[in-house]
Amino acid sequence: MLLDFVIRQAMMPRIEFDHTYYMKQALIQAGIARDNDEVPVGAVIVCREKIIARAYNMTETLNDVTAHAEMQAFTAAENFLGAKYLNDCTLYVTLEPCAMCAGAAYWTQIGGIVYGTGDEKRGYRLINPDMLHPKTKVMGGILEKECRGLLSGFFNTKR
């Protein structure tokens with residue numbers, strides 16, 4: 001019996017926990033935001049290959065301009081860990097963080113930020129590309145087409 005179980009487990013396809021996988025999880029959160037008539041930005045925070053926080057924009061729902069997906073995710077991750085620093089974590093977010101969220105990322109000392117599509121109007125890189133913590137590693141363009149498409153589709157319905 002045990003041998004049959006072990007053989008079946010070995011034959012099952014393995015899930016690749018890579019940047020694409022985690023960005024897909026952030027896209028799911030962005031879809032929830034869109035379904036709630038929020039700007040479709042989603043985020044997850046990963047610590048040691050485990051998602052410890054999931055969030056999406058809630059600025060309209062909470063009537064709070066600071067309720068960006070990243071801010072919600074930072075709070076959830078800090079509560080999960082019982083700590084204010086996220087240096088062993090990576091934020092996956094569908095849109096490049098704005099200056100406010102980049103500033104908050106600085107204070108969390110997050111280890112990495114992976115974003116889907118750049119924000120040519122409000123992205124932190126426009127204001128100060130060096131505003132993140134010096135140890136934070138940044139990567140952009142993961143599932144960029146999907147992330148950009150979700151945003152542009154949302155705004156096209158609003159026009």
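1. Contact here means that heavy atoms lie within 4.5 Å of one another. The structure discussed in this note is a predicted model, and in it M23, L27, A30, G31 and R34 of helix α2 meet E146, C147, L150 and F154 of helix α7. Sorted by class, the contact of α2 with α7 has 6 nonpolar, 1 polar and 2 charged residues.

2. The geometry of this helix pair can be stated as well: the axes of α2 and of α7, which covers residues 144-158, come within 11 Å and cross at roughly 5 degrees. Angles under 35 degrees count as roughly parallel, and α2 and α7 are therefore roughly parallel to each other.

3. Turning to the sheet, 5 strands form an open arrangement in the order β2-β1-β3-β4-β5, and their pairing is mixed. The edge strands are β2 and β5, the latter spanning residues 137-140, and each of them pairs on one side only. Neighbouring strands of this sheet are turned by 15 degrees against each other on average, if direction is ignored.

4. Within the sheet, β1 and β2 run antiparallel and are joined by 6 bridges. At one position of this pair, G42 stands opposite Y56 in β2. As general background, the strands of a sheet pair through backbone hydrogen bonds, either parallel or antiparallel.

5. Helix α2, made of residues 19-35, also belongs with the sheet, since it lies across β1, β2, β3, β4 and β5, and it runs at about 140 degrees to β1.

6. T94 is a useful residue to look at next, and its place is in strand β3. With a relative accessible area of 1%, T94 is buried, because buried means under 20%. Not counting residues up to four places away in sequence, T94 touches M23, A26, L27, A30, P40, V41, G42, G116, T117 and C147.

7. The largest nonpolar core has 25 residues, of which I45, F74, L86, C89, L91 and I110 touch the most other members. Two or more residues of this core come from each of β1 (42-47), β2 (50-56), α4 (69-81), β3 (89-95), α5 (99-108) and β4 (112-117). A second, separate core holds 14 residues, including L27, V44, V46 and L143.

8. For a closer view of the largest core, one may follow F74, which, leaving aside its neighbours within four places in sequence, is in contact with I45, L86, L91, C101, A104, A105, T108 and I110.

Terms used:
Residues numbered from 1 in each chain as written. Predicted model: local features only at pLDDT ≥ 70, side-chain atom pairs only at ≥ 80, totals over all residues. Heavy atoms only, no water. Core = buried A, V, L, I, M, F, W, Y, C linked by side-chain atoms within 4.5 Å. Buried < 20%, exposed > 50% of the residue type's maximum accessible area, 1.4 Å probe, protein only. Helix = DSSP H or I, 4+ residues; strand = E, 2+ residues; numbered from the N terminus. Pairing = 2+ DSSP bridges. Axes fitted to C-alpha atoms, helices over the stretch in contact; angles between N-to-C directions. Parallel < 35°, antiparallel > 145°, perpendicular 65-115°, else oblique. Nonpolar A, V, L, I, M, F, W, Y, C, P; charged D, E, K, R; others polar.
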